[in-house]
Structure formats: C-alpha cells, structure tokens
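Reader: I am new to this structure and would be grateful for a close look at a single part of it. Please take one chain and describe its overall build before turning to one of its helices.

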Amino acid sequence: MSFINLKEKVVQVKIVYYGPGRCGKTTNLEYINRKFRNQIQSEMVSLKTHGDRTLFFDFLPFDMGKIKGYDIKIQLYTVPGQVKYNATRKLVLKGVDGVVFVADAMEKQREKNIRSLNQLHQNLQSYKESIFKLPLVIQYNKIDLKEHGVPILPTAVLRKDLNSRLKVPDFEASAITGYNVAATLKKIISSTVVSIQKKLL
Amino acid sequence: MNYGIVSQEQLEQIDTILSSKLIKLGVDCVIIIDMAGNIITAKDNGESKYDVYSFAALAAGNFATVDAMAKLVGEAEFSLLFHKGQESNIHFSKIDDELLLISMFGKDISLGFLRLNVVEAIEQIRTVWEGNKT
C-alpha cells in the first residue's frame with residue numbers, strides 16, 4: 001500500500017521486480033540506474049552474495065515529478081530469485097503497489113517461470129492481495145539470446161504459459177541491452193499510479 | 001492495514017513530539033517508517049545529510065530479518081535494536097506492528113538517556129496514531 005504524506009504532498013509507490021533466479025531482475029534495475037542517472041538522486045542499494053546473486057533485495061528510488069501537486073517517489077525493489085529464498089521474497093512484497101514479473105525466455109527455464117509466477121500468486125495471497133487485481137506487467141527477457149544461437153521460447157508460447165489467464169500488458173525485452181526496459185517500467189508506473197488514484201477516489 | 005493516509009494535523013503532532021523529545025536532545029536524525037519501507041516522517045537537526053529513502057528500505061529489511069531471528073529462538077519479537085559505531089550510532093525501536101522509530105545520533109548522547117526519551121516519544125506517538133485508526 002502506497003504511503004501518502006498530506007503534509008509534504010509526497011506519494012511513495014513501491015514496485016517490485018519478481019521472477020525466477022537469474023532471469024534479469026537486477027539487470028533491469030542496473031540498466032534503469034545507468035540510463036536515468038540524472039533523474040536519480042540516490043545510489044542504487046544492492047545486497048548481494050559473493051557470487052553476485054541478490055541475497056536480500058536491490059533498491060532504487062527515483063522521483064517522477066508531480067501529479068496534481070503531489071511529488072511521486074517511485075521505489076523499485078527486486079527480490080532474490082533463488083528458490084530457497086522465498087521468506088525473503090515475501091518480506092519484500094509487503095506493501096507492494098505494482099509488480100513486474102520478469103520471465104526468462106530461455107527454453108530450459110520454461111518450468112521455472114511458471115513455478116515462480118505461481119509462487120508470486122501465493123505470496124500475494126498471504127498479504128490478502130490478488131495477482132488478478134494488483135497492477136502487473138510481464139516481461140519476456142533475454143530475447144537477444146536468439147541471435148547468439150541459444151534456444152529461446154517463442155513469445156506466443158511464453159504468453160500462453162504465463163499470461164493466458166492474467167491478460168496483463170507484456171513486453172519482449174533484453175535487460176542487458178536495454179531493449180524495452182524503459183517501456184516495461186513506464187507501463188508499470190502508469191498502471192500503478194492509475195490504480196492508486198482509483199483507490200483514493 | 002488501513003493507515004495509508006495520515007492527516008496533516010497528525011503528522012504535525014508527531015513532528016512536534018520528535019523535535020521536542022529527540023532532536024532537542026541532540027539526535028542527528030529521526031525517521032518513522034512502516035514495515036514496507038515507506039517513510040512516514042523524517043526530522044533532522046538541519047545538518048545531517050542522510051539518504052533517508054534508502055535508509056528506510058534497508059531498515060525495514062533489517063528489522064524483518066531480526067523479527068525472523070526472534071521467532072527462531074522462540075521470542076515473539078525483539079522490539080529494539082542498537083548499532084554502535086565510532087562516530088555515530090543507530091537506535092531502532094518498534095512503535096507498533098506497523099511502525100518503527102529510528103534515531104541516528106553521535107557519541108555525545110548516552111544510550112540510556114536516549115532510550116528514556118525514545119520510550120516517552122513512542123508513548124506519545126501511539127496516542128496520536130491510535131486516533132488515526134478510529
């Protein structure tokens with residue numbers, strides 16, 4: 001749930017990047033941090049293991065400007081993707097306003113994507129949130145691997161696996177090159193801000 | 001968890017409590033956050049330049065971790081935390097299930113004195129906050 005400060009006219013919005021291990025959640029944030037450096041006042045916070053895997057979360061705050069006189073502060077979080085860290089994933093999801101589900105387009109990751117999405121559904125339920133109601137955008141990441149001869153799933157298959165019931169906005173993307181990273185971010189911010197506005201009216 | 005909007009009046013009352021109980025004492029910076037990592041309010045002595053937003057995210061994570069550790073040793077909760085450094089110290093104290101009060105202070109203030117003031121501030125903040133729920 002977003003926090004709205006009426007005195008200082010600030011709205012804090014929490015957006016979480018969720019997905020299976022090594023799908024590119026942190027890479028998404030790193031690209032945003034580089035690309036929009038001049039709009040971001042703070043440093044990106046990363047809690048990593050020695051092997052560069054996310055241990056707790058990454059955190060990237062930035063200002064989006066004003067809507068109706070209110071400063072919108074967007075706070076991007078990632079969760080650790082590894083299966084064993086579900087307790088931590090759950091903690092990071094607390095008070096979430098919008099989710100980007102990052103799926104790994106590699107063929108061998110097909111099952112992991114589905115498992116991770118199911119777990120997101122369960123984790124949200126534990127906070128009495130519904131995956132069908134919360135602003136959600138799905139990103140099919142790593143499509144650049146096709147050029148390197150790595151077998152990847154066609155978007156139609158990914159869409160059928162992950163988005164046939166949810167029917168949320170989705171994007172093919174490549175977090176490493178930055179393709180559609182900004183488009184994904186823009187979409188989740190706009191859906192989230194609209195949903196907060198609706199709750200307030 | 002319906003606390004998303006706090007009135008201007010309540011925030012001002014809370015700010016006054018923080019100023020009179022803690023900033024006046026010599027604390028560098030006081031932040032109230034919720035367990036999701038949002039900042040409810042932040043007050044400082046006008047000199048400290050902390051990145052309070054990152055701080056809030058990390059503090060909420062830190063507290064959640066400690067909460068999980070408490071459960072492992074059979075405690076319901078550890079309601080306060082203290083980190084000691086060479087020049088500065090951080091004191092975390094739970095206000096209620098949703099809120100956390102964080103004080104950052106230098107070596108000039110004794111921990112005992114700070115804790116006494118934190119307890120008083122928290123009692124007063126609770127009274128203001130309860131008014132929000134009803």
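Author: In this predicted model, chain B contains three helices and six strands. Read from the N terminus, the elements of chain B follow the order β-α-β-β-α-β-β-β-α. The radius of gyration of chain B is 14 Å, close to the 14 Å that the globule rule gives for 134 residues, so chain B is as compact as a globular protein of that length. The C-alpha trace of chain B spans about 40 × 40 × 25 Å along its principal axes. Of the 134 residues in chain B, 34% are buried. Among contacts in chain B with a separation of 6 or more, 53% are accounted for by residues 24 or more positions apart.

Within this chain, the helix to examine is α2 of chain B, which covers residues 52-72. Its 21 residues should span 30 Å at 1.5 Å a residue, and the end C-alpha atoms of α2(B) are indeed 30 Å apart, so the two values agree.

The burial of this helix can be followed residue by residue. The buried residues of α2(B) include the alanines Ala56(B), Ala57(B), Ala59(B), Ala60(B) and Ala64(B). Tyr53(B), Phe55(B) and Phe63(B) are also buried, and the list is completed by Val52(B) and Gly61(B). A residue counts as buried here if 20 or more other C-beta atoms lie within 10 Å of its own.

Beyond the helix, the backbone offers one further detail: α2(B) is followed by Gly74(B), which has a positive phi near 85°.

Notes:
Residues numbered from 1 in each chain as written. Chains lettered and ligands numbered in written order. Predicted model: local features only at pLDDT ≥ 70, side-chain atom pairs only at ≥ 80, totals over all residues. Helix = DSSP H or I, 4+ residues; strand = E, 2+ residues; numbered from the N terminus. Expected span 1.5 Å × (residues − 1). Buried ≥ 20, exposed ≤ 12 C-beta atoms within 10 Å, placed from the backbone. Rg over C-alpha atoms; globule rule 2.2 N^0.38 Å. Contact = placed C-beta atoms within 7 Å.
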